[in-house]
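Could you walk me through this model in the viewer, one selection at a time? I would like to know what to pick next and what I will find there.

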Protein chains: 2
Amino acid sequence: MPQLRREPLFPKRWVVFAPERKQRPIDYPPPPEPLSSICPFMAGNEDLTPHEVFAIRPEGGPPDSPGWRVRVVPNRFPALRIEGELLPEGVGLYDQINGIGAHEVIIETPDPDQELEDQPLGAVTDVLRAYRARIIDLVQDVRFRYIFVFKNVGMLAGASLRHPHSQLIALPVVPRAIEEQLETARSHFELKERSLFSDVLQAELKSGDRLVYENSAFASFCPWASRFPFETWILPKFPAAYFHTLDDYHLGLLAEALRHVLRRIRKGLRNPAYNMILQTAPFHLPRVRESIPPEMEFRWHIEILPRLAQAAGFEYGTGFYINTTFPEEAAAFLRRVRAEM
Amino acid sequence: MPQLRREPLFPKRWVVFAPERKQRPIDYPPPPEPLSSICPFMAGNEDLTPHEVFAIRPEGGPPDSPGWRVRVVPNRFPALRIEGELLPEGVGLYDQINGIGAHEVIIETPDPDQELEDQPLGAVTDVLRAYRARIIDLVQDVRFRYIFVFKNVGMLAGASLRHPHSQLIALPVVPRAIEEQLETARSHFELKERSLFSDVLQAELKSGDRLVYENSAFASFCPWASRFPFETWILPKFPAAYFHTLDDYHLGLLAEALRHVLRRIRKGLRNPAYNMILQTAPFHLPRVRESIPPEMEFRWHIEILPRLAQAAGFEYGTGFYINTTFPEEAAAFLRRVRAEM
């Protein structure tokens, strides 16, 4: 049974113990996917996955049948389980919570060889629509404090399956990375009565040195203190705390921005492994300061983290990063890439 | 020129920009070390490194000559530079510091094929003695707020050279990971008038479930909320904030504990990549609470982090971890490994 444990020396750091995601204690590294094996995410193999929880089927058809463009299924090896009551517990000095949550897979396409950025804009929009639909559904479950959507591409970025897919994990606690951004933005607002996210975006648009792409609703840049070479963020240019409140029109513009940036990264960096993460505001939280509107505390955004070098002792021991590439250099390089748009 | 930058959304997170550590923007992944190339760390190749800053030469001899057992040299591709004044600077919204610090390599042995845990106890003690000597020297430089010692083994753990070596980085800022432990332990002390590190150690010794090894001065266990499968810590059983105040007798006992644990990990997990990190208290900091003795705020310790799986989107997006192996299972497994001691 999965379990969450809190580290006593780092009280904001929870670790999800997911024993069912491996077979034996020494089953490391995870055996690479045999290329000849049957892909459970391909069209026609719907019976190899758990029952779908969402799908986009332009022609209609019953659940778990072919004809879908995007399909969402529970993870076969979930890090967290959907059934049960939350039971936070103290064990002497230590804290634990039973492993309640959700772990879903967003299968982005029936075609195993078509990367997200290869797809037509409508199909990329459908993937984002699936993210939104699943968040809107799961947000109703009051056991969950946060819903995290991410995508791992390439073995060096932790992907175990090649077929283009994203993942969603619903958590009973708010991620420390989100809490920290909220706290920082709250202090900023109290001091300046401005949104920190807006200030960062304005600084980037004004300077242009780290800018990668811009359309009418979204801007993309390599952040000032990028952790990774070619780290690239996509932010809405309008105030918005929650990704799932995005309307269809803006979803299309986001798809355009995302596809554009992913194409430049893939072509410029020769198909790198990367993680893509969605950062959105948490739900069901007592509002810490009733007077601060959510969109002043947070702005949802997407971060693309190319994994060109390994995190090592320095990163894990300090919480800092060593990065060999200034974001100004990374952005200039990405701007020069001629990608077919 | 290297530079430190602070992330506005995570004000405790600094990123070290070290452009000299790569050749070209798209020089990723770093070219693997050609096996036929000349190893700059081997005995006889002393002229291939910068001038040594420390060495242990049982038979004597001039600097930068053979005959050493442990040798410390500045890193040829330093993340930070030793020369100059610290210049913290604001750039609009953003903060930066010029990249002042130290980056040294501790060459653990003249023999490229002898891993740290293969060596006789005296030689392991010498490596720890070199750590201590370098910290004692660098601590006098008031520009540095922290001295971080670590070791990367294996490509998956970020190592670029095979020859057994550790690294030392002196930083002008305190790592956020250290600050967080200090803050947590301070709150604990104010509430309970006890050291949090001591409470954790007592809990581990009492339960024994996560214990891996123990001698008269040190204990080793897999921590309650291990981030990584088989993560293993080594803590002194006596109060001590600073590693560099350790005497020779205890250095020998630490070498024994470290060698024992590394041998079990290597044999049990079949030569895994790992990071080893030294966590010690910071220097030159104004004492936040004069009434709290340093050894109540911090206990130096070593963490060994096997890198059996890749950190992925979940880890970077949340600051949490997914771990497939409970520490109780990991410790029981490591206790069963029959290593030649």
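Start by selecting strand 8 (residues 146-153) and strand 9 of chain B: these two strands pair in the antiparallel sense over five bridges. To see one place where they meet, pick Tyr146(B), which stands opposite Leu171(B) in strand 9 of chain B. Keep in mind as you go that this is a predicted model.

Keep strand 9 highlighted and add strand 7 (residues 102-107) of chain B. Strand 7 and strand 9 of chain B also pair in the antiparallel sense, over six bridges. Here the pair to click is Glu104(B), with Leu168(B) of strand 9 of chain B opposite. Now colour strand 9 (residues 165-171) of chain B by burial. Six of its seven residues are buried, so strand 9 of chain B is largely enclosed by the rest of the structure.

**Across to chain A**

Next, jump to His103(A), in strand 7 (residues 102-107) of chain A. Is His103(A) buried or exposed? It counts as buried, because it has 25 C-beta neighbours inside 10 Å, and the cut-off for that label is 20 or more. Show the surroundings: leaving aside neighbours within four places in sequence, His103(A) is in contact with Pro74(A), Asn75(A), Pro78(A), Ala79(A), Leu80(A) and Ile169(A). For a sense of distance, draw a line from His103(A) to Tyr321(A): their C-alpha atoms are separated by 29 Å, and the two residues lie 218 residues apart along the chain.

**A sheet shared by two chains**

Stay at Tyr321(A), which stands opposite Val15(B) in strand 2 of chain B. Select the two strands involved: strand 15 (residues 321-323) of chain A and strand 2 of chain B run parallel and are joined by three bridges. Now widen the selection to the whole sheet. Five strands form an open sheet with mixed pairing, in the order 15(A)-2(B)-1(B)-6(B)-5(B). Its edge strands are strand 15 of chain A and strand 5 (88-91) of chain B, each pairing on one side only. Looking across the sheet, you will find neighbouring strands turned by 30° against each other on average, direction ignored.

Inside this sheet, zoom in on strand 1 (residues 3-7) and strand 6 (residues 94-98) of chain B, which pair in the antiparallel sense over four bridges. Arg5(B) has Gln96(B), in strand 6 of chain B, as its bridge partner. If you switch on side chains, a general point helps: in a regular strand the side chains alternate between the two faces of the sheet.

Then select the other five-stranded open sheet, ordered 5(A)-6(A)-1(A)-2(A)-15(B), again with mixed pairing. Which strands stand at the edges? They are strand 5 (88-91) of chain A and strand 15 (321-323) of chain B; each has a single partner strand, so one side of each is left without a neighbour in the sheet. At the chain A edge, strand 5 and strand 6 (residues 94-98) of chain A pair in the antiparallel sense over four bridges. Click Val91(A) there, and Tyr94(A) in strand 6 of chain A is opposite.

**The interface and its symmetry**

Now select everything that touches across the chains. The contact takes 74 residues from chain B and 74 residues from chain A. On the side of chain B that touches chain A, strand 2 (residues 10-17) of chain B gives the most, with seven residues. Colour that side by residue type, and it divides into 46 nonpolar, 16 polar and 12 charged.

Superpose the copies next. Chain B can be laid on chain A with an RMSD of 0.0 Å by a turn of 180° and a shift of 0.0 Å along the axis. The two copies are thus related as by a two-fold rotation axis. The same surface serves both, with 100% of the contact residues of chain B recurring in chain A.

**Two loops to finish**

Most residues other than glycine have a negative phi. Two residues of chain B deserve a click for that reason.- Glu193(B) has a positive phi, near 55°. Look for Glu193(B) in the loop between helix 2 (176-192) and helix 3 (196-207) of chain B; with 9 C-beta neighbours inside 10 Å, Glu193(B) counts as exposed.
- Arg270(B) has a positive phi of about 55° although it is not a glycine. Arg270(B) is in the loop between helix 4 (248-268) and strand 13 (274-279) of chain B, and is exposed, with 9 other C-beta atoms within 10 Å.

Last, colour by confidence: the mean pLDDT of chain A is 92, and 93% of its residues reach 70 or more. The model scores ipTM 0.94 and pTM 0.95.

Notes
Residues numbered from 1 in each chain as written. Chains lettered and ligands numbered in written order. Predicted model: local features only at pLDDT ≥ 70, side-chain atom pairs only at ≥ 80, totals over all residues. Least-squares fit on C-alpha atoms with pLDDT ≥ 70 in both. Contact = placed C-beta atoms within 7 Å. Pairing = 2+ DSSP bridges. Nonpolar A, V, L, I, M, F, W, Y, C, P; charged D, E, K, R; others polar. Buried ≥ 20, exposed ≤ 12 C-beta atoms within 10 Å, placed from the backbone. pLDDT = per-residue confidence, 0-100. Axes fitted to C-alpha atoms, helices over the stretch in contact; angles between N-to-C directions.
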